[in-house]
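Colleague: Could you take me through one part of this model closely, residue by residue, and then show me how it fits into the rest of the chain? I'd enjoy a connected account.

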Amino acid sequence: MSKYAVILMFVLLIASPSTRAQTVVATEKRPIVDEETARLRNVIAGSKKVQKILKQAESGTEYRISFVTTKYDPASPYQGYTTINEGSDKKGITVHIAGSVSRELIELLASHELFHIVLQKQGWPSQAQNPLISDQERDTTFQGAVVKDATAALMNCYPDALIDRWMSQRGFTPKVINRREYQLTVDAAKTSEIPPPQIFPLWRRYVALVNYCLSIRARDFEMKDVFKAYERVDPEMAGDQSALEQKLGTRSGCNNVRSCLEATKKLRHAAGFDGQIKFLTPLTNKWE
Ligand SMILES: [Zn+2]
């Protein structure tokens with residue numbers, strides 16, 4: 001097992017604690033278009049606002065972007081995520097959107113995911129590695145799952161907050177998906193598996209990271225409800241997050257790939273993940 005495991009994380013997920021990161025490089029078979037997917041594609045095709053971002057995401061690339069619905073799974077309560085197919089014959093990007101959601105949510109989730117693709121085109125890292133654990137540990141242990149989820153949380157943190165602002169500028173209301181994200185986070189916190197004592201400190205740092213990232217999103221909910229949900233596991237959770245806020249501020253000030261990368265490094269340090277998470281920066285072609 002290579003100690004320097006590389007995961008391609010064309011992440012773009014909206015993750016909740018205790019869920020597994022969808023970091024997939026898959027050769028996907030063309031799925032049969034079910035009714036839900038047909039409806040999804042219909043909504044996207046009929047939305048001028050989404051079509052505009054889709055054009056921006058596809059322009060100048062050889063990738064074609066397609067949309068499919070994904071079945072809602074309480075164990076991995078993603079609202080949306082994106083995978084990239086590097087298959088030699090057909091390069092493509094698939095945006096997965098939760099099924100059975102309203103037209104408004106489809107537009108919001110599709111736009112959110114598309115803006116991740118735009119950011120990646122502008123040089124946002126799509127690869128990360130976890131030098132302190134082996135591939136096997138990462139894929140089979142609780143600790144590995146936490147590190148993997150922390151990696152996705154870190155790499156999405158500032159992009160998500162930036163995307164909220166981009167969406168607001170285009171007339172979307174990102175608070176709607178963030179409120180749903182918050183609800184999923186609270187639900188996941190209530191039922192999450194309690195980590196074994198030896199990895200508790202790591203898990204706690206991970207949850208603080210996720211909560212911090214949720215707190216800097218465009219929102220109309222109170223973070224205290226999230227902490228309440230974690231009380232049975234850790235009554236000190238709110239303190240962890242305010243420690244991060246003291247170091248980093250209560251809002252994301254970054255507004256492009258470069259400044260968000262700098263902010264991400266500061267966040268990684270403050271959250272206690274230096275050395276555990278490294279990412280490949282396309283702008284410099286360096287692992288940082
Ligand atoms: Zn996102």
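Modeller: Happy to! A word on terms before we start: a helix here is a DSSP run of H or I of at least four residues, and helices are numbered from the N terminus. Please keep in mind that this is a predicted model.

Let's begin at cysteine 213, which belongs to helix α7. Is cysteine 213 buried or exposed? There are 22 other C-beta atoms within 10 Å of cysteine 213, so it counts as buried, the cut-off being 20 or more. Setting aside residues up to four places away in sequence, Cys213 touches Ala153, Cys157 and Asp160. The C-alpha of cysteine 213 is also 9.3 Å from that of arginine 251, although 38 residues along the chain separate the two.

A little further on comes isoleucine 216, in the loop between α7 and α8 (224–230). This loop residue is buried as well, with 21 other C-beta atoms within 10 Å. Arg251 turns up again here: beyond four places in sequence, isoleucine 216 is in contact with Ala161, Arg251 and Ser252. Aspartate 160, a contact of Cys213, has its C-alpha 9.0 Å from that of isoleucine 216, across 56 residues of sequence.

Now step back to leucine 209. Outside its neighbours within four places in sequence, Leu209 is in contact with Ala150, Ala153, Leu154 and Ala271. Ala153 is thus a contact of Leu209 and of Cys213.

Which members of the largest nonpolar core touch the most other members? They are Ala110, Ala150, Leu154 and Leu209, in a core of 69 residues. Helix α5 (residues 142–169) is the top contributor, giving 14 residues. Domain 1 (6–121) and domain 2 (136–287) each supply residues to this core, so the core lies between the two.

Helix α7 has a packing partner too. Two packed helices are described by the angle between their axes and the distance between those axes. For α7 (residues 200–215) and α9 (residues 237–248), the axes cross at roughly 60 degrees and come within 9 Å. The crossing is right-handed. On the α7 side, the contact is made by Arg204, Val207, Ala208, Asn211, Tyr212 and Ser215, and they meet Met237, Asp240, Gln241, Leu244 and Glu245 of α9.

It is useful to set another helix pair beside this one. Helices α2 (residues 48–58) and α3 (residues 103–121) pack with their axes 9 Å apart, at an angle of about 20 degrees. That makes α2 and α3 roughly parallel, therefore, since angles under 35 degrees count that way. Their crossing is left-handed. Lys49, Val50, Ile53, Leu54, Gln56 and Ala57 of α2 make this contact with Glu107, Ala110, Ser111, Leu114, Phe115, Ile117 and Val118 of α3. Ala110, which takes part in this packing, is one of the core members with the most partners.

Following the chain past α3 brings us to glutamine 122, in the loop between α3 and β5 (127–129). Glutamine 122 is partly exposed, having 13 C-beta neighbours inside 10 Å. Its C-alpha is 8.8 Å from that of leucine 283, a residue 161 positions away along the chain.

Two other loop residues deserve a look for their backbone angles. Most residues other than glycine have a negative phi. Serine 100, in the loop between β4 (92–98) and α3, has a positive phi of about 55 degrees without being a glycine. Asparagine 285, in the loop between β6 (278–281) and β7 (286–287), has a positive phi too, near 55 degrees. Serine 100 is exposed, with 10 other C-beta atoms within 10 Å, and asparagine 285 is exposed with 7 C-beta neighbours in that range.

To place our starting point in the whole: the chain comes to ten helices and seven strands. Buried residues, Cys213 among them, make up 44% of its 288 residues. Of the contacts with a separation of 6 or more, 79% join residues 24 or more positions apart.

Definitions and conventions: Residues are numbered from 1 along each chain as its sequence is written. This is a predicted model: local features need pLDDT of at least 70, side-chain atom pairs count only at pLDDT 80 or more; totals for chains, interfaces and linings use all residues. A nonpolar core is a set of buried Ala, Val, Leu, Ile, Met, Phe, Trp, Tyr and Cys residues joined through C-beta atoms within 7 Å. A residue is buried if 20 or more other C-beta atoms lie within 10 Å of its own, exposed if 12 or fewer, and partly exposed in between; C-beta atoms are placed from the backbone. Helices (H or I, at least four residues) and strands (E, at least two) are DSSP runs, numbered from the N terminus. Domain bounds come from an automatic or database domain assignment. Two residues are in contact if their C-beta atoms, placed from the backbone, lie within 7 Å. Axes are lines fitted to C-alpha atoms, for helices over the stretch in contact, and angles run from 0 to 180 degrees between N-to-C directions. Angles under 35 degrees count as roughly parallel, over 145 as roughly antiparallel, 65 to 115 as roughly perpendicular and the rest as oblique. A crossing is left-handed if the near helix is turned anticlockwise from the far one by less than a right angle, and right-handed if clockwise.
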